[in-house]
Amino acid sequence: MNHSARRVLSGFGVAVMATALALPVAAQDSATYHIGASNTLQGNGWREEMICSIKAQALSSGQVSQLTVAHRNTDAAGQISDLNDLINAGVQAIIVNPVSPDALNDVIKQATDAGIVVVAVDLAVTEPSAYLFSNNQEEYGYVGAKWLFEKLGGEGAVFYMRGAAGTSADTDRDTGFRRAMAEYPGITLAGEVFTGWDIAQGAQQINEFLASGVPFDGIWTSGIDSTIVDALVTAGAPLVPVVGADNAGFVEQLATIEGLEGAAVTNPGSVGGAGVTMALRVLAGEEVERQVLITPEVWDNTTPEGQAAIAAANDPAIDGTWPLGISIPDWTTYTKDEIIACAGPGE
Amino acid sequence: MSVVEGTTSSPPPAWRTADAWQRLFRERPIVPLLVLLGALVVLYQVVQPGTISPNWVGSIIRNAVPLAILAACQTLTMLTGGIDLSVGAVASMAAYVMATLVPSQGPVIAIVVALAACGLAGLANGIGVGIFRVHPLIMTLAMSLVVLGLMTVYQLIMVAAGSRVPPEIRTLGGGTSFGFVPHNLLLFVPLAVGIMWALRRTGFGRLLYAVGDNERAARLSGVRVWQVLVALYVVSGLLAGVAGLVYVGITNVATVTLVDKYVLTAVAAAVIGGTSIFGGRGGYAGTIVGAIILSLLTNLLTVLQMPEAARQVVFGAIILAVAAAYTRITSEA
């Protein structure tokens, strides 16, 4: 919409504006950038939202004429080859959700040496010439754990359901979680498992944990959340406080399940769209910080502010595995309908 | 020779000879499997005293049921010397299509459409394997990619459609009675009995063994092998769909990759259960015990709080050891 409006405006070529606005209009009007994106996990709600956010933001910016997305299930070798393909396709910027912190360094260096802006989103890379836009995962672990420990009055046993072992997001969240634990010495772990961010595996683990009869007072999850609450309800187990992510299914539970106390910690997939904005700002010659880490919010259903945030975000129509943090203020400009439509420039 | 004959006046009892063991493994693979299962339970009791309870047994069985259904796909296809690696994608498709159609179409139509889609995927596999003679490994692996790709597109269309798992599916897949009897047994017991009956007592079942044992001989004796294979892969697709619905009943959240991680576990369950990947030998009873063993093993490794990497190594090593032991013990040489 925006995009075509600008076209029309420039199409009339209003002479009066020419001298005063020539530069900015030209910069905005010419949707000339070719941007590439690379992702290595398909079918995951969070990653799909990230891709849609990249597309929606590229379209909404009005500055991107072409978006090439390499979106498939692959590993480091596959992503290196995807990035090479994007470089050869002549892109001016690459948004990449890296499969590993250092495996891509050579190809990223190659890209930035050629003048291509590389923005890593979600996870960091160690190559210093790349930009980073990500949720602060250590804070993610910390703020949710702190809420839970506070809720338990600083005393109790927590079932700790982590993500995938060895990933940087899981390690960072664990650092935050342990920091909160150090502040609440009365908190112990009733158990610790890696869900691998796999719903079926998380369901199996919680069911086995419930069947084992080990006493627990709260559950911290790394984002496999609504399934855990469902397991508690199905088993008729006590509804202890649960920490999850801002996934649509879990937020709906926080809004609707009687007696459930819980908190959703935001982890927006829209860092993808924010990465597009970051790249466009760098291309426009603006001063941009190398690393932007956004601080996660805590939406807890036990305070009026939290309830308001949950009510505002809750949308039962959205796929239960999509995070509801679908936009990031100052960094994304698309609407909710636009990200759901998941259309990029030229689509 | 004559010396040996002369000195074997008191041969060791039959149960102690390697021959007898081999025969036992070959003809009744379920006996040693049950022994292994019992050993694991004892090990569990030693490692984690007091955990074993009706609740715990129920939870292990509830998790083993969908795995056993997925492993049925492998057992049946492996009997013909094939394999079905598309079951993860197909089962996930059943779960996701069903959940996304429920709000607009209601549960009955949603389930029918989901299973029909699985049947179609199976039909495509069957046509590829049976008529175009594509190797089942390649055909079904490719099919899993096709299904995942289609589902990724479908997911974007349906992302704001709302998805719901109907209470009937949740009760059947994830519910329990008296606190420990999993409802999914209501579905599974008749299904398992049906599969075992079909393998032993029906012409179709015998044809699977015949095709796997010696396809050429089967063809020469008048079997239309391609028809058997097409029907087989359709059945496999439908079974995968049923497994997907049971999984989503447990998780209450459908994704297009929900069941992906269980494909190789299902293959392992069939192999541990004594079905030969070369075809012609095996059965479903062993597979069921194999699925229970793997479900128990997964739980045991979780309880032991092993680091994830070590868990994967141990899990892989145990499967490998059991499979190798089988090959050795049951080898026809």
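Before I start, one definition: I'll call two residues "in contact" if their C-beta atoms, placed from the backbone, lie within 7 Å. Please also keep in mind that this is a predicted model.

With that cut-off, let's look at where the two chains meet. On the side of chain B, 37 residues are in contact with 36 residues of chain A. Which helices of chain B supply at least two residues each to that side? They are H4 (54–79), H7 (136–158), H12 (225–251), H14 (284–303) and H15 (308–330). H4(B) gives the most, with six residues. As for the chemistry, the side of chain B that touches chain A has 15 nonpolar, 19 polar and three charged residues.

Let's stay with chain B and follow H4(B) to another of its contacts. H4(B) packs with H13(B), residues 263–272, at an angle of about 65°, and their axes are 8 Å apart. The crossing of this pair is right-handed. If you'd like to find the contact on screen, H4(B) brings residues including Leu67(B), Leu70(B), Ala71(B) and Met78(B), while H13(B) brings residues including Ala266(B), Val267(B) and Ala270(B). Ten nonpolar residues and three polar ones make up this contact, with no charged residues.

Now for H12(B), which we also met at the interface with chain A. What packs against H12(B) at about 145°? That is H6(B), and here the axes are 7 Å apart. H6(B) also passes H12(B) in a right-handed crossing. The contact divides into 19 nonpolar and eight polar residues, again with no charged ones.

H6(B) deserves a moment by itself. This helix covers residues 107–131, so 25 residues, and reaches 35 Å from its first C-alpha to its last, close to the 36 Å expected at 1.5 Å a residue. Just after H6(B), look for Arg133(B), which takes a positive phi of about 55°.

Over to chain A. This chain is divided into two domains: domain 1 is made of 2–135, 269–295 and 326–341, and domain 2 is 137–265. Their centres, taken over C-alpha atoms, are separated by 33 Å. Where the two domains touch, each gives five residues to the contact. On the domain 1 side, those are three nonpolar and two polar residues, with no charged ones.

Chain A also has two sheets I'd like to show you. One is an open sheet of six strands with parallel pairing, in the order E2-E1-E3-E4-E5-E11. At its edges are E2(A), residues 64–71, and E11(A), residues 291–294, each pairing on one side only. Neighbouring strands here are turned by 15° against each other on average, ignoring direction. E1(A), residues 33–39, runs parallel to E2(A), and seven bridges join them. One pair to look for is Ser38(A) with its bridge partner Ala70(A) in E2(A). Lying across E1, E2 and E3 of chain A is H4(A), residues 76–88, which runs at about 175° to E1(A).

The other sheet is also open, with six strands in the order E7-E6-E8-E9-E10-E12 and mixed pairing. Why do E7(A) and E12(A) each have one side without a neighbour in the sheet? Because they stand at the edges, each with a single partner strand. The average turn between neighbouring strands in this sheet is 20°, direction ignored. Inside it, two bridges join E8(A), residues 218–221, to E9(A), residues 242–245, and these strands run parallel. There, Ile219(A) stands opposite Val242(A) in E9(A).

That's my tour, so thank you for listening!

Technical notes:
Residues numbered from 1 in each chain as written. Chains lettered and ligands numbered in written order. Predicted model: local features only at pLDDT ≥ 70, side-chain atom pairs only at ≥ 80, totals over all residues. Helix = DSSP H or I, 4+ residues; strand = E, 2+ residues; numbered from the N terminus. Domains from an automatic or database assignment. Nonpolar A, V, L, I, M, F, W, Y, C, P; charged D, E, K, R; others polar. Pairing = 2+ DSSP bridges. Axes fitted to C-alpha atoms, helices over the stretch in contact; angles between N-to-C directions. Left-handed = near helix turned anticlockwise from the far one by under 90°.
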